[in-house]
Every structure is written in C-alpha cells, then in structure tokens.
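Student: Could you take me through one part of this model in close detail, starting from a single side chain and working outwards? I would enjoy one connected account.

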Amino acid sequence: MPSGGYELLKPDSVDTTRTPSPRSRYRLVSAIALLTLAAFLLSKSGPYLSAQHHRSSLGVHDNEASVGQCVASTVPAASPPAPVNPWSSLTISEIVQIHDWLFAPEQGLNLTRGDVTVVSDNHLYTIEAYYPPKAAVLDYLSSPSSVGLPPRFARVTIHHGAAPEPIVRNYLVGPLPIGPHTNISPLTEMYHVDPIPYNARSFDTRDWESPEIYSNMAAPVAEAFEELFGGQAAGLPNDTLVAGGRGPFSFDGSFRRLWLNWRRNVPGPFLHPLNFYQYVDVSGTDTSQWKPLKTVYNHQVFDTTESFLEALHNGSLKRAPLPAQEDTDFSWSTRKRIGPQRDLDHLPGPRSVSFAGLRFRVDHEQQYVSWMGWGVYLGFDRDMGLSLWDIRFRNERIIYELKPQDALAQYAGNDPFQSSTAWLDRYFGMGHSVRDMLPGYDCPYEAVYLPATTFDLTGILSRDRAICIFEHDSERPLTRHLGYDKDEFGAAKGYQLVIRSIATLGNYDYREWMLLIPGITSVDSKTFDYIFHLDGTIEVRVSASGYLQAGYWDPDQRNYGARIWETTSA
C-alpha cells in the first residue's frame, strides 16, 4: 500500500465488459454538458480566469524542461500622496534627544530617571509626537511641493511628585529637532483641567507592586494568608500569593484608592482568585501613609485589619472551604496544550500564498499602505496604539482620522473586586503594551511587518513586529449571482487587506486590525477592526482574547457567571 494510506485500483479488478445502464448514460451526458457550460463561462470571464493567463503569470510553461519560479514575496514600494507622514511617531533618536534636553539643568525640571524614581520624585511619564493642527496638515497635503510641512512638536507628560503640591502637567516641546529655537511650554489647549491632580495620574504598577503594598497591606495579615490559604505574600520570588488591583483608582483626583484581590501565584493567576479583598488607600506621595481601609473575606466586611484578625483568632470568622492542597494540578490555566490530540490535527493546516507576488504596497519609512484603490497613513501612540490617517479611496479623502478613543471592560459579581471593576484601557497604555507578533499565528507567514516605538515611565519600548499587513482571500464572494441569462452570471472574489496590531494588557489581548477590501472587509477579535468596503463604507469592530478576569466561585456567584473550576467563576 502506498504511503498516506491510499491503495491504487488494480486494473484487473474493473469489469470492462459491463454494459452501462441508461441511468449511467444519462449521468455521463449530464456531466459532459456541465463541463461544456463551465468551459464556456470560463472563456467569457476575462483574462483573470483564463488558463493561459494563470499559466504565464505563475511562470508555468508548456516546456517541462523549463520550470518557472514563484515571484519573491518582497512588498512593492508605495507612493504616498505626500513625501512625509505628518502623524509619524517619534523615532528612538528623537526621543533620546528630547529626554536628554529635558534632563539638562537649564530646564530646571529636577527630573529623576524612571528606573530609580519613586512616587515623590519628578519624572517623565510620556514623550510622544504631538499631532499638528488639522488645517495646517490639509494645506500641506493639498500641495506638498509648495506648502511646507507643519512644525514638529512633542507632547511630554511630567509627574511632579516632588512639588510642594504634587501635580501632573502636559507640555509642548518643539520645534523639533532639538535646537536653539526649541522651548517647552504648558500644553493647556486640551479638554482636561490644568494642572491634573497627582492622585489622578496615569497608571503606575507601583500602585500594587511597591514594597509598601507588602509591608503595609500584606504583612499585617500574613498569619491569615498562611492559615486560610496556605500561602505567603512577602514581595519575594517564592511568594505563592500575588495581588491584582482594579480600576478606576479615582474619579476626580481627590483620592487614589483601589481594591486588591489576592490570587494564587501560578500561570494564569487571573483564573485563581481567592475570596480575600482589601480596599487600600494609596493617595499622596508619602507611601508610609498608604493603608488598608477595609477587608472582605468570604462575604464578611471588616472596617479594620485588627477586627479581621480578632475574628480569625476568636473563632467567629466564617471560613470558606479549605484551600487547594500543594499537589493540586494548576496546569489547566497555563497556555500549554492538554488533552488528547484531535483527529487529523497532526497534519499542517491550510495557509495562503501569493504565488504571483504581494499585491499591496508599503512605504516602510513613512508607514503608508496602498492597495486596490485604498491609501492610508499609519500612526502609533502610547495610549491607543495604531491609528489611521488621511484614508483615501480612489484618490478621494473619506476620513481624516480614525482611531479608538478608549476601550471599556465592565465586570460584575458578588464581591467588591468584580462589582467595581471598570477598566478604561487607554489609561494603561495600549500602544505601550504591544508585543512582537508571532508569524504564522498572529499573522500569516508572508505578512509584512512595521515597527512601533513608544515611551513611558519604564522607558523606550520598540517592537519590530508591532504592526502586520497582509492580503488574504476571505473565501466568500464579494458579490455573486447565477441568473437565467448569460449576462446575469458573475462573481468577484472577496480579497481583503489586513493591517493588524495586538496589545496585551494584563489578562487579555487586544487585536487591532484594519481590513481594506475591494468590496468587503471584515475583522474580528477584543480587537479593533477597521473594515473597508468597496462602496465607501468603513466598519469598525472590537473583541478580545487572552485570560478571563475570574471571580471566586461560591453559590452566591451563580447569578453573575458559571463555575469553570473548583473555586473559579467566569
């Protein structure tokens, strides 16, 4: 038997003397008629459906001794409508120049490096491109050969933690590049109050990872952690418990408070919450004053840590079932594959290949993409990541700017953590949370990648594969009809161009992608999808992947979710 499990039909096993039945003759005649009709229709479908066109375009020749070769998958160069992208992100060298200029003593900002700063220091939080005024950009785009490019500026956010009255302030630095005419001035032409209260500052992991969280919040209840959960949280590498905070932390900047939910320190801790919560105050810059305000355990609320410990000691505490034992298998929450392999899953799956070469164009330096009549500039920032600018279809501008303003994830549950969680993910920096995408998984193997660079408290982050671009066949026709007249037959393939970016914020991944489709576009995933249709419609979708932010399961949670593990609900 040949490899692959197939057996050739033996010639002597065929009865060649058997006379075909009338039904067999009818089927044969029908098959010949259908093949004749198909050949006629293909001949009328234009050169893109003709056999000769496909053979020549793919390098296939009648002479078998001369075998053609597939076209290289190098992306053709694009021709942007203007030679410079007005919305381009700051380069690494520009960020470094601005950073060094701000740290110079003559600026008088008294800044501390991000890797050693504490909340009571002045430190840089954001350095990014400041988008020029729309009117100035439109003048430039209307005649780039005669109208100058708008001056380039940077937006800088500084946390003034060392000020007598700590504040957050945005500044405008420019014009760029850094030179004798560069200056810094408060950026007040925005919708927020100026200055911003320090308690309303942007996300800082120190809010729940600082030493004070362990010394002021965890250490006083270390005995309870050991007795109730068989774990420890001391800020050490071998900790078996870890804290997660919920947002928002403030509403008007008058305070900075959050609920901490303690979890098992295993892969996917988001799926292993404990029914122990602390409401903590992390207001101000004096971390010695950070303190717990309430403790909740097993639906029992305690106004002080002392009253909780008293109940623990005198036996009045209503205890939850015993925690999982040390030998409990937590591998179900890892990303490792478990369970039996599915039928035929050992075989490689289908993949698309552009045999005749890529059919879209990219200007890597200016981050401009064109395809089938569409053209778009790309931008990228710390808050929301990928943005689209000057979107044109058939040389007509239909959108000036297209980008998400925020991403809200609202939770619910019968505990203080789930019931008060409302993640506004712009706050955490979706652009700064991008990771290099995985070829063949996040994007097809022949995708073209573009880099992105951002800056925040942790420093400069540059990803080579922050954005990917590829064309694929949606495997559904853009339009089709089979009528009763030869002129009523027609179909167009639903090719799509996808521009994608993925951000990982804590427990979930946002995939941000734009589809430019000659007639149809669709996208998904908690994903930002920019879908471009041939009729000028643009569809936007959003979805998510990653881990659930699970709650602790007990019977009181049944109205808020389903039990997915012994003590986990979602």
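Tutor: Happily, and let's begin with Phe308: apart from its neighbours within four places in sequence, Phe308 is in contact with Val221, Ala224, Leu228, Phe276, Thr295, Tyr297, Phe302 and Leu317. Please keep in mind that the model is predicted.

Phe308 also belongs to a wider group. The largest nonpolar core has 78 residues, and Phe308 is among those with the most contacts inside it, together with Phe225, Trp262 and Phe360. Strand 8, residues 273-281, supplies the largest share of this core, with five residues. As background, nonpolar side chains tend to be buried together in soluble globular proteins. A second, separate core is made of 17 residues, including Ile95, Leu109, Leu124 and Phe455.

Now to the helices around our starting point. Two packed helices are described by the angle between their axes and the distance between the axes. Here, helix 7 (residues 222-229) and helix 8 (residues 305-314) have axes that come within 11 Å and cross at roughly 45°. Because of that angle, helix 7 is oblique to helix 8. The crossing in which helix 7 passes helix 8 is left-handed. On the helix 7 side, the contact is made by Glu223, Ala224, Glu227 and Leu228, while helix 8 brings Phe308, Leu312 and His313. By character, the residues of this contact divide into four nonpolar, one polar and two charged. Phe308 therefore has a part both in the contact between these helices and among the residues with the most contacts in the largest core.

From there, we can turn to two loop residues. Phe203 sits in the loop between strand 5 (196-197) and helix 5 (206-209). Its relative accessibility is 14%, so Phe203 counts as buried. The C-alpha atoms of Phe203 and Phe249 are separated by 9.1 Å, although these residues are 46 residues apart along the chain. Gln367 is placed in the loop between strand 11 (361-363) and strand 12 (368-371). With a relative accessibility of 13%, Gln367 counts as buried too. Setting aside neighbours within four places in sequence, Gln367 is in contact with Asn85, Val376, Tyr377, Leu378, Leu450, Pro451 and Ile467.

Some details of the backbone also deserve your attention. Most residues other than glycine have a negative phi, and most peptide bonds are trans. Against that background, the peptide bond from Gly174 to Pro175 is cis, with omega near -5°. Pro175 lies in strand 3, residues 167-176. Another cis peptide bond joins Leu176 and Pro177, where omega is about 0°. Pro177 itself is in the loop between strand 3 and strand 4 (183-186).

As for phi, Asp390 is not a glycine, yet has a positive value of about 50°. Asp390 is found in strand 14, residues 385-393, and is buried, with a relative accessible area of 1%. Glu475, also a residue other than glycine, has a positive phi near 65°. Its place is in strand 19, residues 459-482. At 67% relative accessibility, Glu475 counts as exposed, whereas Asp390 is buried.

Note on methods. Residues numbered from 1 in each chain as written. Predicted model: local features only at pLDDT ≥ 70, side-chain atom pairs only at ≥ 80, totals over all residues. Heavy atoms only, no water. Axes fitted to C-alpha atoms, helices over the stretch in contact; angles between N-to-C directions. Helix = DSSP H or I, 4+ residues; strand = E, 2+ residues; numbered from the N terminus. Parallel < 35°, antiparallel > 145°, perpendicular 65-115°, else oblique. Left-handed = near helix turned anticlockwise from the far one by under 90°. Contact = heavy atoms within 4.5 Å. Nonpolar A, V, L, I, M, F, W, Y, C, P; charged D, E, K, R; others polar. Core = buried A, V, L, I, M, F, W, Y, C linked by side-chain atoms within 4.5 Å. Buried < 20%, exposed > 50% of the residue type's maximum accessible area, 1.4 Å probe, protein only.
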